[in-house]
2 protein chains.
Amino acid sequence: MTFTEMLRAAQERHGSMLCVGLDPEPARFPAGLKGDPQRIYDFCAAIADATGDLAIAFKPQIAYFAAHGAEPQLEKLMRHLRASHPHVPVILDAKRGDIGSTAEQYAREAFERYGADAVTLSPFMGFDSVQPYLKYGDKGAFLLCRTSNPGGDDLQNQRLASVEGQPLLYEHIARLAQGPWNANGQLGLVVGATYPSEIERVRALAPTVPLLIPGIGARGAMRWPPSRPVGAPMHRSW
Amino acid sequence: MTFTEMLRAAQERHGSMLCVGLDPEPARFPAGLKGDPQRIYDFCAAIADATGDLAIAFKPQIAYFAAHGAEPQLEKLMRHLRASHPHVPVILDAKRGDIGSTAEQYAREAFERYGADAVTLSPFMGFDSVQPYLKYGDKGAFLLCRTSNPGGDDLQNQRLASVEGQPLLYEHIARLAQGPWNANGQLGLVVGATYPSEIERVRALAPTVPLLIPGIGARGAMRWPPSRPVGAPMHRSW
């Protein structure tokens, strides 16, 4: 079963479009749980177990594990998710972006070491920085497209004079992910939830790829959904 | 001592502009050393010890450690570099790029956990994805600007209609790193060695920031230096 099939099956099974982000920030833990790597695991596993009947994807953010030397806990969490929630695909939020030989190592980290079903990637270094992930034919990759952080405009919202139709950079990426970069249907796009009109624009340019839409939870984006559904997983971060 | 001062001091002490990349690809190890995390450490430490009198920076690539679960060996390597080569700053090649709260975790990983002096970053998500690293006032950050991999053109070489003078995307990034994004002089730029004319262009737009120029070694870029020096560290990967 490919990542996209797994995502679709979970969507039908759970009647939901919810992706549950697992961002274990120790400062937000209940008192007494701060900083201990084992608590990072406990926190994430408890959230997953409380939402596993609704989620169509889990999305652990690797930075929160890496900052605390908690890679063994992330490995344990991935095993737990697979064993306890076998129908829910796992997207490793890593936003990697590097050249071919290094990307091969990152793909190995995400898919072989951690057993993720998909990964988030930056498109900044171009297609050959994405290709090594696509060699894993049953895996998926979500490219950063339009992020809703304050600096998201800095580059993503620039208009390209050198591309036909003068699209914005994020519109250009949406087209690449729908078409030439997506030969085997493995790509998705990350589009922040803050500006629904931009989500609609991305959906118009990339009608069939899954959209990962962060920002419903702690990040304070506006309420979902926009005026019409986009057939995409939502996202709620803890 | 700030990162930039440390880099400059090493440059004077060693009369060199060489940055030694530590990319421990097990397939390139001498026979018998394949795959064992301890060998990853041995391989990198041996290269560092053989080049420490010439190098003005070491640059371990974290993907090669992460793929093999060798974070403890990277920690050990960083301790070894600090102890045996205290005058040579260490750039952690991680190419991170994420929003503020997650970037704080990655900054903690690079600077507190691993004790790196600088890190490589992707500018794709904008200035607030860079800021958390700059809060460590004595540390440096090299932004991806113009990379010489085949897909480097895909986005970096697009011309921006919406920026004064219609620069290419990488030229825009060079200007940001020289000016508005670089209040405390902590930024540098990553510029591939393949096209010397582009290095000269970046140097013209960003005359004072250090340039990290990968591609002299295994990656097969043309011979260095171009016609005139750019006052930047070179880079040799193993």
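**Exercise 1. Find the buried residues of helix α4 in chain A, and work out how they are arranged.**

Let's start with the list, keeping in mind that this is a predicted model. The buried residues of α4(A) are A:E71, A:Q73, A:L74, A:L77 and A:L81.

Now look down the axis of α4(A). The buried residues fall within an arc of 150°, so they line one face of the helix.

Next, turn to the face pointing away from that buried side. There you'll meet the exposed residues A:R79 and A:A83.

What do the buried residues of α4(A) pack against? In chain A, they pack against α2 (37-51), β2 (55-60) and α3 (62-66). From chain B, α4 (71-84) joins in as well.

**Exercise 2. Check whether the length of α4(A) agrees with its number of residues.**

Helix α4 of chain A covers residues 71-84, which is 14 residues. The expected span is 1.5 Å times one less than the number of residues, so the helix should span 20 Å. Then take the end C-alpha atoms of α4(A): they are 20 Å apart, which agrees.

**Exercise 3. Trace the open sheet of chain A from edge to edge.**

Begin with the order. Five strands form an open sheet, β3-β4-β5-β6-β7 in chain A, and the pairing is parallel. At the edges sit β3 (91-96) and β7 (211-212), each pairing on one side only.

Now walk through the pairs:

- β4 (residues 118-121) and β5 of chain A are joined by four bridges and run parallel. Here A:A118 has A:G140 in β5(A) as its bridge partner.
- β5(A) pairs with β6 (residues 187-191) of chain A over five bridges, again in the parallel sense. In this pair, A:R146 is opposite A:V191 of β6(A).
- β6(A) is joined to β7(A) by two bridges, and these run parallel too. Across from A:V190 you'll find A:L212 in β7(A).

How many residues of β5 (residues 140-146) of chain A are buried? Seven of the seven are, so this strand is largely enclosed by the rest of the structure.

**Exercise 4. Put those pieces into the picture of chain A as a whole.**

First, count the elements: chain A has nine helices and eight strands. Second, look at burial: 55% of the 238 residues in chain A are buried. Third, take the contacts in chain A with a separation of 6 or more: 66% of them are between residues 24 or more positions apart.

**Exercise 5. Decide whether B:T4 and B:R146 are buried or exposed, and find what each one touches.**

Take B:T4, which belongs to helix α1 (residues 3-14) of chain B. A residue counts as buried if 20 or more other C-beta atoms lie within 10 Å of its own. B:T4 has 22 C-beta neighbours inside 10 Å, so B:T4 counts as buried. Setting aside residues up to four places away in sequence, B:T4 touches B:G140, B:G185 and B:P210. With B:G140, the gap is 136 residues in sequence but 7.1 Å in space, C-alpha to C-alpha.

Then B:R146, found in strand β5 (residues 140-146) of chain B. With 24 C-beta neighbours inside 10 Å, B:R146 counts as buried. Apart from neighbours within four places in sequence, the contacts of B:R146 include B:G152, B:Y170, B:V191 and B:E198. B:E198 is 52 residues away along the chain, and its C-alpha atom is 7.9 Å from that of B:R146.

**Exercise 6. Describe how chains A and B meet, and which symmetry relates them.**

Start with the contact: 45 residues of chain B are in contact with 45 residues of chain A. On the chain B side, α3 (62-66), α5 (100-113) and α7 (152-156) each supply at least two residues. The largest share, eight residues, comes from α5(B). Sorted by class, that side of chain B has 17 nonpolar, 17 polar and eleven charged residues.

Now for the symmetry. A turn of 180° and a shift of 0.0 Å along the axis lay chain B on chain A with an RMSD of 0.0 Å. That is the relation of a two-fold axis. Both copies use the same surface, since 100% of the contact residues of chain B recur in chain A.

Technical notes. Residues numbered from 1 in each chain as written. Chains lettered and ligands numbered in written order. Predicted model: local features only at pLDDT ≥ 70, side-chain atom pairs only at ≥ 80, totals over all residues. Buried ≥ 20, exposed ≤ 12 C-beta atoms within 10 Å, placed from the backbone. Contact = placed C-beta atoms within 7 Å. Nonpolar A, V, L, I, M, F, W, Y, C, P; charged D, E, K, R; others polar. Arc of directions from axis to C-beta. Pairing = 2+ DSSP bridges. Least-squares fit on C-alpha atoms with pLDDT ≥ 70 in both.
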